[in-house]
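The following questions and answers introduce a structure to a reader who has not met it before. Please keep the sequence and the model in view while reading.

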Amino acid sequence: MSCDERLLDRVPLFAGLPAPVRAALAQVATERVSGAGELILLGGEPCEAAYFVIEGAVRIFRDSLSGRQQVLTTAVRGTPFNLVPALRTGGANHASAEAVVASRLLQISSHDLRRLIRLYPDLGLTLLDDLAGKLDHLTDLVETISLRSVRGRLARFLLDNAEKDQVPRRVWTQDEIAARLGTVRDVIGRGLRALVDAGLIQLDRERIIVVDREGLVAESNL
Amino acid sequence: MRSALALPRIDLVLCTRCGVCVSLCPGHAVEMADEGPHFARPLDCTYCAECEATCPAGAIRCEYAIVWAEDPPSPGGDRCTTS
Ligand code: SF4
Ligand code: SF4
C-alpha cells in the first residue's frame, strides 16, 4: 500500500502540508481506478475509507424512499468524498458513490487516516479547517431554509431579478439560482416547474418569463 | 431578432473531452468532434440541462434570462453555442 507522493499535489487539502506528513500520507494511500458507472461505495455500509478524486468525476447520491436517486453532489478532481464518516470511529458511509466517467482516486483507510491525525496535528488541523468551512456553509443554509420555503424564496428571487430592456441581460443557470437560494439545482428545477404549473411563470427555453407578478408576490410571502 | 433556438453554451477551454454530455444527452443532440463536443442535431436539444448537471468539468451552461411577460424579445441576435 502506498502511492506516488506527487499524486497528493492534485488534492488542494494536502498541498500545503509539511513534507513528512505528505510522505506519511503517500505511504498509506492507495490509488484506485474506477470505470464509468462503477459503484465505489454504498451508503449505510460501515465506512472503511475516505477518497480523493485525482481524475474524473464521482457522483455522490442517496436513494430516497420512493426509489429515486437524489444526487447530492459530484466530486471532481481534487475533492474528497466520504471524509466525514472516515473521521469517526465506527462511522457509516453517508451516501453512495459512483464514477460518472473513468476516474482515478486516492483511497485512505479510516484507520490510517485517524492514526496519522494522532501523529501529525497539521493534518488534523487542515481537515478541521475544511470541516469548519463546510459547517459554516451548512449553518447558513439551515438558517436560510428555515426562514422560507424554497418555492417562496424562488418566487422572491424571480421578482427581484426580472429585468426589463436590459442589455446585456444577466443570465442565470439553475445551479447559480440554487447557490443563491441555498439549495441544489434539482430543487430549483422542481420549483420552476411548480411555478409553471401554477401559471405564475413560463419557461421559454432560455427565458424565465414572469407572467403573474401578483401571484408571485403572494407566493413569496407564503 | 432573438435566435430561433438557444442552445447550451459549451466552454471548450474548460471541456476535457470526456464525452459525458454525448453519452447522457437524452435527445442525442451532441456529438464529439476533434475540437470537442458540438450540437450535431440542435433541433433535438430540449434544453433539459442534463448535460449541464452532469458535465464533470462544469463546462456547459444552460442559461436563462429572467424577464417580465410584457418585455419585448431580447435584442442581440443569435446566441453562440460554444465559446
Ligand atoms: S461533459 Fe463537459 S467536459 Fe465532458 S465532453 Fe461534455 S462538455 Fe466536455
Ligand atoms: S440540454 Fe438536454 S437535450 Fe440539450 S444538449 Fe443538453 S442534455 Fe442534450
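**A contact in a loop**

Q: Which residue has a side chain with a polar atom 3.3 Å from the backbone nitrogen of A:Arg170?
A: The pair meets the cut-off for a polar contact, namely N or O atoms within 3.5 Å, where within protein one must be able to donate a hydrogen and the other to accept it, and residues adjacent in sequence count only if both atoms are side-chain atoms. The backbone nitrogen of A:Arg170 lies 3.3 Å from a polar atom of the side chain of A:Glu163.

The model is predicted: local features need pLDDT of at least 70, side-chain atom pairs count only at pLDDT 80 or more, and totals for chains, interfaces and linings use all residues. Residues are numbered from 1 along each chain as its sequence is written, chains are lettered from A and ligands numbered from 1 in the order in which they are written, and side-chain values use heavy atoms, with hydrogens and water left out.

Q: Is A:Glu163 buried or exposed?
A: A:Glu163 is found in the loop between helix H6 (150-161) and S9 of chain A; helices (H or I, at least four residues) and strands (E, at least two) are DSSP runs, numbered from the N terminus. Buried means under 20% relative accessible area, exposed over 50%, and partly exposed in between, with a 1.4 Å probe and protein chains only. With a relative accessible area of 10%, A:Glu163 is buried.

**A sheet with strands from both chains**

Q: In what order do the strands S9(A), S10(A), S11(A) and S5(B) form an open sheet?
A: Two strands pair if DSSP finds at least two bridges between them. Two bridges join S9 (residues 171-172) of chain A to S5(B), and these strands run antiparallel, whereas four bridges join S11 (residues 207-210) of chain A to S5(B) in a parallel run. The pairing in the sheet is mixed, and S9 and S10 (201-204) of chain A are its edge strands, each pairing on one side only. The order is S9(A)-S5(B)-S11(A)-S10(A).

Q: Which residue of S5(B) is the bridge partner of A:Ile208?
A: On the antiparallel side, A:Trp172 stands opposite B:Tyr64 in S5(B). For A:Ile208, the bridge partner in S5(B) is B:Ile66.

Q: Why is strand S5 of chain B largely enclosed by the rest of the structure?
A: On one side of S5(B), B:Tyr64, B:Ile66 and B:Trp68 are buried, and on the other side B:Ala65 and B:Val67 are buried too. Strand S5 (residues 64-68) of chain B is largely enclosed because the number of its five residues that are buried is five.

Q: Which helix packs on this sheet, touching S9, S10 and S11 of chain A together with S5 of chain B?
A: Contact means heavy atoms within 4.5 Å. Axes are lines fitted to C-alpha atoms, for helices over the stretch in contact, and angles run from 0 to 180 degrees between N-to-C directions. The helix direction makes about 75 degrees with that of S5(B), and the helix is H6(A).

**Where the chains meet**

Q: How much area is buried between chain A and chain B?
A: The contact takes 32 residues from chain A and 32 residues from chain B. A:Arg205, A:Glu206 and A:Arg207 supply 26% of the area that chain A buries against chain B, more than any other three residues. Buried area is the accessible area (1.4 Å probe) that two parts lose on being put together, summed over both. Carbon and sulfur atoms give 55% of the buried area, which is about 3,000 Å².

**The chains themselves**

Q: Which strands of chain A stand at the edges of the sheet S1-S8-S3-S6?
A: This open sheet of four strands has antiparallel pairing. Six bridges join S3 (residues 49-55) to S8 (residues 103-109) of chain A, and A:Glu55 stands opposite A:Arg104 in S8(A). Each edge strand has a single partner strand, so one side of each is left without a neighbour in the sheet; the two are S1 (30-34) and S6 (80-81) of chain A.

Q: What percentage of the 222 residues of chain A count as buried?
A: Chain A has nine helices and eleven strands. One of its buried residues is A:Ser220, with a relative accessible area of 1%, placed in helix H9 (residues 213-220) of chain A. For chain A, the buried share is 44%.

Q: In what order do the elements of chain B run from the N terminus on?
A: Chain B has two helices and five strands, and buried residues make up 41% of its 83 residues. The order of elements is β-α-β-β-α-β-β.
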